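Here is a friendly walk through one protein structure. Take a look at the picture, turn it around, and then read on.

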Amino acid sequence: MSAIDTAGIARAEAAGPAGSAPNGPRHRAGGGGESRSQRPPSSARRENRRETTFTSRAAVTALLGLSACYFLFPLWWLLVSATKPFGEQFSGSGLWFDGFDLFGNIARLGAQDGGIFWRWMLNSLLYCGAGALLGTAFSALAGYALAKFDFPGRGAVFGLVLAAVLVPKVLFTLPLYLMFSGAGLIDNPLAVLLPSAVSPFGVYLARVFAAQSIPDEVLEAGRLDGAGELRIFRSLGVRMMLPALVTIFLFQFVEIWNNYLLPAMVLGDDRLQPVTVGLVGWNASHVAVPPPLVVIGSLVSIVPLLIAFLALQRFWRAGMTAGAVK
Amino acid sequence: MSHASPRAHLRARPPAEPPPARPPRPTAPAKAPRRRARTPLLFCAPFLLLFAGMYLAPIVYAAVSSLYAVRRSGLGLTAPTRVFDPLANYARAFQDSAFTGSLGRVALFGLVQVPVMLGLALGLALLIDAKSARGKGFFRLSSFVPYAVPGVSAALIWSFMYSTQSSPVNRLLGPLGFTVPFFDEDLVLWSVANIVTWSWAGYNMIIIYAALQSIPAEVLEAARMDGASALRIAWSVKIPAVRGALVLTAVFSVIGSAQLFNEPAVLQPVSAGAIPSTYTPIMSAQSAVAAGNYPYAAAQSVVLALLVGAVSFTFFKLTSRGGSA
């Protein structure tokens, strides 16, 4: 279940119909629709306190606390276990720190199999970075054209994009593998990069964002100044869509990182694999690679994503509420 | 519910920005209209080319190659040959109990896991939206964080949680007098379901929460004035208002179930046989690839793609009709 693109559109669309007020206050990209209850002014808060009873507050907090335990426990266990002295990862309750050797563990992780772990991380960064960069550029071009030009075939192209968003990408992976093996592209990074650079959801987002953030008058002014369309796109369109492009890049980056089946199938050479495929290989090897290394590797491999996620929350939300803005 | 499906969304759009009526250019007046028609296509070209190559071509390739059957000679001494036999692979797929079993398994998975996950997501959204909630920001983030963990990494982490020798969950439960055999053959599907739920519940919660946020404050105030309790408001006002969000998250979750792969594939080597290599349709097709029978893998992929297409098409037909009624 990794089709961030299909699910992303669910979010985007779901925010719309249920919103029932399409021109509502969610126009601000990011932080949209958070205004009602997130930060009540202090007077409202006092009123709140009078309206709600202690028991209801306690019950709600207890239930929410329970859910937070469920969601955070595995991650907390991972963090605690990765810091324990090497070999003790699976002993004890895993609830609290017990000795600290995180850096020694990371050094051991780097030493295993000739430092292949860092190579995997680098591969992941390269595939995701290059794929997302190309994909964002292509999505921006296509989305901009769909939003800002009227041309024959426009409806057909957009219909194609939407249909593709609805069908999970994973379903295309086996056919892709069969085609690539027919074309001799197995064990070639291109077999991961080429499919990664297409993002129907990115085009959808770019179209929504372009329609919303680039006024036609600005383009018209550019045309009157005699600028070519590509020049107008580069100097005006891209600049006005920039926050949106960050969102598209982010969604694509994570989507490529999450795509396990494709690289697992087309990259047999472990020096070419991304970190997810490499770690699963270690996990499946049982004894050949000490299991604690898989624990430590899992932590190291998700930390960059968690940091990016927390630091760039604003852009995530922009992608989620995009569909609500018409 | 005026645009329950993206297609409806497209239809609902006003007939788009008309081509700007611009003054004729003093230079090259004849060239301008042609250039205007060509430019947008050039803008779309990189995407369309890659799309054709990476989406359409593989499907066509798979559909064509699924029409050939691999024939091995009785002794297997000669290389297998491919003969054109359009229905052989499809007939085999529907008689293959491993493949049909995998289809039934993901259907069962979808029927159980999707309502559980969405129920959890709805409950969380309502709780965080409740007036009695404190620390909304923290709870919203904590349920959403698993979504930032890649599916494969989530499955790896949970495989440690489930470990037969050292499960931290069972260590906590031990003193209470029971443990959970996560890799038991009857239970393992729900162990997988738990990983999927953990990863996606918070994400669906955010969608539902966004829908809750857009209920006009006056409506809620009016219900409160009428003396409705918080529970009553949640049941009679809030839940009906987020129906659209629930339907959409359900559709996408069901589609997601059909492509179940990462979680069972990661658990498979540590499951001591509880997860066979044909556990889900995609795993089944992949094991046909591993066995070297590409046309059969192609046929399975085509069947799965058609089924998913049919399911999502039906759903969207149903929901968009409900919307226009």
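The report below goes from the whole of chain A to its domains, one helix and the nonpolar core.

**Chain A as a whole**

Please keep in mind that this is a predicted model. Chain A has 15 helices and zero strands. Of its 326 residues, 50% count as buried. Now think about contacts between residues with a separation of 6 or more: in chain A, 77% of these join residues 24 or more positions apart.

**Two domains and an annotated stretch**

The domain assignment splits out domain 1 and domain 2 of chain A, with residues 53-100 in domain 1 and residues 113-324 in domain 2. Their C-alpha centres lie 33 Å apart. In the contact between these domains, seven residues come from domain 1 of chain A and five residues from domain 2 of chain A. On the domain 1 side, the touching residues are four nonpolar and three polar, with no charged residues.

A UniProt record (an unreviewed entry) carries the annotation "domain: ABC transmembrane type-1" for residues 121-311 of chain A. Over that stretch the chain is 80% helix and 0% strand, and the end C-alpha atoms are 20 Å apart.

The table sets the three stretches side by side.

| Stretch of chain A | Residues |
|---|---|
| Domain 1 | residues 53-100 |
| Domain 2 | residues 113-324 |
| UniProt annotation "domain: ABC transmembrane type-1" | residues 121-311 |

**A closer look at helix α7**

Is helix α7 of chain A buried or exposed? Eleven of the 14 residues of α7(A) are buried, so the helix is largely enclosed by the rest of the structure. Among the buried ones are V170(A), F172(A), P175(A), Y177(A) and F180(A).

You can also check the length of α7(A), which covers residues 170-183. At 1.5 Å a residue, its 14 residues should span 20 Å, and because the end C-alpha atoms are 20 Å apart, the two values agree. Just after α7(A) comes G184(A), with a positive phi of about 70°.

**The largest nonpolar core**

The largest nonpolar core has 176 residues. Those with the most contacts inside this core include A142(A), Y144(A) and A206(A), along with F47(B), A121(B), A125(B) and I208(B). Helix α8 of chain B (residues 188-213) gives the most to this core, with 18 residues. Domain 1 and domain 2 of chain A each supply at least three residues to this core.

Which residues does A121(B) touch? Leaving aside residues up to four places away in sequence, A121(B) touches A201(B), N204(B), M205(B) and I208(B).

Key: Residues are numbered from 1 along each chain as its sequence is written. Chains are lettered from A and ligands numbered from 1 in the order in which they are written. This is a predicted model: local features need pLDDT of at least 70, side-chain atom pairs count only at pLDDT 80 or more; totals for chains, interfaces and linings use all residues. Domain bounds come from an automatic or database domain assignment. Two residues are in contact if their C-beta atoms, placed from the backbone, lie within 7 Å. Ala, Val, Leu, Ile, Met, Phe, Trp, Tyr, Cys and Pro count as nonpolar, Asp, Glu, Lys and Arg as charged, and the others, Gly among them, as polar. Helices (H or I, at least four residues) and strands (E, at least two) are DSSP runs, numbered from the N terminus. The expected span of a helix is 1.5 Å times one less than its number of residues. A residue is buried if 20 or more other C-beta atoms lie within 10 Å of its own, exposed if 12 or fewer, and partly exposed in between; C-beta atoms are placed from the backbone. A nonpolar core is a set of buried Ala, Val, Leu, Ile, Met, Phe, Trp, Tyr and Cys residues joined through C-beta atoms within 7 Å. UniProt positions are given in the numbering used here, feature names are shortened, and annotations may be inferred rather than shown by experiment.
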